[in-house]
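Reader: I would like a close look at a single part of this model, one helix and what surrounds it. Please take me through it carefully, and then set it within the rest of the chain.

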Amino acid sequence: GHRVLLFGNIERPEDVSTVLAAGGDGVGLFRTEFLFDNPSRPPTEERHYEAYRRAAEGLRGKPIVIRTLDLGGDKVQAEPMPESERNPFMGLRSLRYCLARPEVFLPQLRAILRAAVHGDVRIMFPMVSSVEEVRRAKELLAEAAGQLEREGIAHRSDLPVGVMVETPAAAIAADVLAPEVTFFSVGTNDLIQYAMAVDRGNERVANLYQPAHPAILRLLSGVIRIGVEKRVEVAVCGEICGEPDFTMLLLGLGILELSLSPAMIPQIKRVIRSVTMAKAREVADTALQKLEAGETEQYLHAMLRQVFPMIF
C-alpha cells in the first residue's frame, strides 16, 4: 500500500534510455559536469540547453532533477585555478563557485528554465551550507527567468527547487532551509565524508567511512523528520541507495524516493516488493539503537538474508 519511487542517476542525456529500460520512475540526479570538458572555456547556454532538452524529451513526461554545477573537490575544475587549494573538498566548489561566478552560472540557469518547456524539469543546488546561499541562488534563478521573459524566449519560471543535503550544516539546519525549497535530496556520499571527517578516496582511513554510523543515521532521520513536519519531499541519492542491505533501513526511516545507478534499479525494486513497511520500520528502529557501525551493518545484512534468502 506504499508507493516507492526509484529514480536513476545519469551523467549524460543518452543515459535516459538506461533508466527507462531498468524500469525507473525518472531521473533523480542529472550530473552536468560533463559539459565542462574544456576547463578554459565554459559551455555556452545553447550547449547546456540542448543537453537538458534531449534528456527531458527522452523521459517522455517522467520527472528529471537537474543538479547545477558541482565542480571542485574530486571533480573536474571549471577553470585553471590561479593557485591550488590546500583542501579542495572544503574550498571554492559547487554552489560556492557558481555564486562567485554568475557569468558561468546564469547561462546554465537560463538553459534549465528553457528546457523545462519540454518536460517535467526540476532544479537542485548542491553543496548547500546556509540559507543565504539558497536565497542568492534563487535570486539568480529569478534573474535568469526575467531575462528570458524580456527577450521573449519560451521558458518555465515555476520549477520546483531543491537542495542537496550533503553537509552536516544543511542536515542540522534542515528546518531553516525547508521554507525555501520544494524538496531535499540527501547526498549520502559527501554527507558521510564531511560528518565523519574522512576522505573517502584515502585508503588509509577508508575503514572510517561508515554509512551505518549512528551519527549518519541520526542525521538522516532528523532530515526526514523535518521534511514530514515542513511538508518538504525527501529523497536520498548516493551509493547506499544501490546497496540492498540498506534498502529496508531507508524505507523504515521514511524514505520513499531513492535515486541510484540505473543498473541497480531492478534489484532494489525486488527487495522493496519482498518486504512490508511494518517490517522495514522494525528494522530501522532496531538499527537506530545500535552503537557501532559494524554491528549495524551485520544486522542489516542478516535481515536482508532473512527476507530474501534466495538471492542475497
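Author: A contact here means heavy atoms within 4.5 Å, and that is the sense in which packing is used below for this predicted model. With that in hand, the buried residues of α10 pack against α9 (214-230), β8 (257-260), α11 (265-272), α12 (277-289) and α13 (293-307). Helix α10 itself covers residues 244-253, and because 9 of its 10 residues are buried, the helix is largely enclosed by the rest of the structure; buried in this context means under 20% relative accessible area. The buried residues are Pro-244, Phe-246, Thr-247, Met-248, Leu-249, Leu-250, Leu-251, Gly-252 and Leu-253. Just after α10, Gly-254 takes a positive phi of about 115°.

Two cysteines are worth examining alongside this helix. Cys-237 is buried, with a relative accessible area of 3%, and Cys-241 also counts as buried, at 1% relative accessibility. The closest cysteine sulfur to that of Cys-237 belongs to Cys-241, and at 6.7 Å it is too far for a bond, given that a disulfide requires the two sulfur atoms to lie within 2.5 Å. Cys-241, for its part, is in no disulfide, and the structure as a whole holds 0 disulfides.

Among the packing partners of α10 is helix α9, and one residue of α9 can be followed further. Leu-219 is placed in that helix and counts as buried, with a relative accessibility of 17%. Leaving aside residues up to four places away in sequence, Leu-219 touches Ala-171, Ile-172, Leu-191 and Ala-195. Of these, Ile-172 is 47 residues from Leu-219 along the chain, yet their C-alpha atoms are separated by 7.0 Å.

The loop that leads into α9 offers a contrast in exposure. Ala-197 is placed in the loop between α8 (188-196) and α9, where it is exposed with a relative accessible area of 70%, and it has a positive phi of about 55° although it is not a glycine. Most residues other than glycine have a negative phi, and a second exception is found at Arg-60, whose phi is near 50°. Arg-60 lies in the loop between α2 and β3 (64-67) and is exposed, with a relative accessible area of 68%. On the other side of α2, Ser-40 is placed in the loop between β2 (27-30) and α2 (45-58), and Ser-40 is likewise exposed, at 59%. The C-alpha atoms of Ser-40 and Cys-98, which are 58 residues apart along the chain, are separated by 16 Å.

As for the setting of these parts, the protein contains 13 helices and 8 strands. Its radius of gyration is 19 Å, close to the 20 Å that the globule rule gives for 312 residues, so the protein is as compact as a globular protein of that length. Taken along the principal axes, its C-alpha atoms fill a box of roughly 60 × 45 × 35 Å. Over the 312 residues, 54% count as buried, and among contacts between residues at least 6 apart in sequence, 68% join residues at least 24 apart. The protein exposes about 14000 Å², of which carbon and sulfur atoms supply 50%, and the mean positions of its 36 positive and 41 negative charges are 4 Å apart.

Note on methods:
Residues are numbered from 1 along each chain as its sequence is written. This is a predicted model: local features need pLDDT of at least 70, side-chain atom pairs count only at pLDDT 80 or more; totals for chains, interfaces and linings use all residues. Side-chain values use heavy atoms; hydrogens and water are left out. Helices (H or I, at least four residues) and strands (E, at least two) are DSSP runs, numbered from the N terminus. The radius of gyration is taken over C-alpha atoms; the globule rule is 2.2 Å times the number of residues to the power 0.38. Buried means under 20% relative accessible area, exposed over 50%, partly exposed in between (1.4 Å probe, protein chains only). Accessible areas come from the Shrake-Rupley method with a 1.4 Å probe; for residues, only the protein chains shown count as cover. Lys and Arg count as positive and Asp and Glu as negative; His and the chain ends are not counted. The place of a charge is taken as NZ of Lys, CZ of Arg, CG of Asp or CD of Glu.
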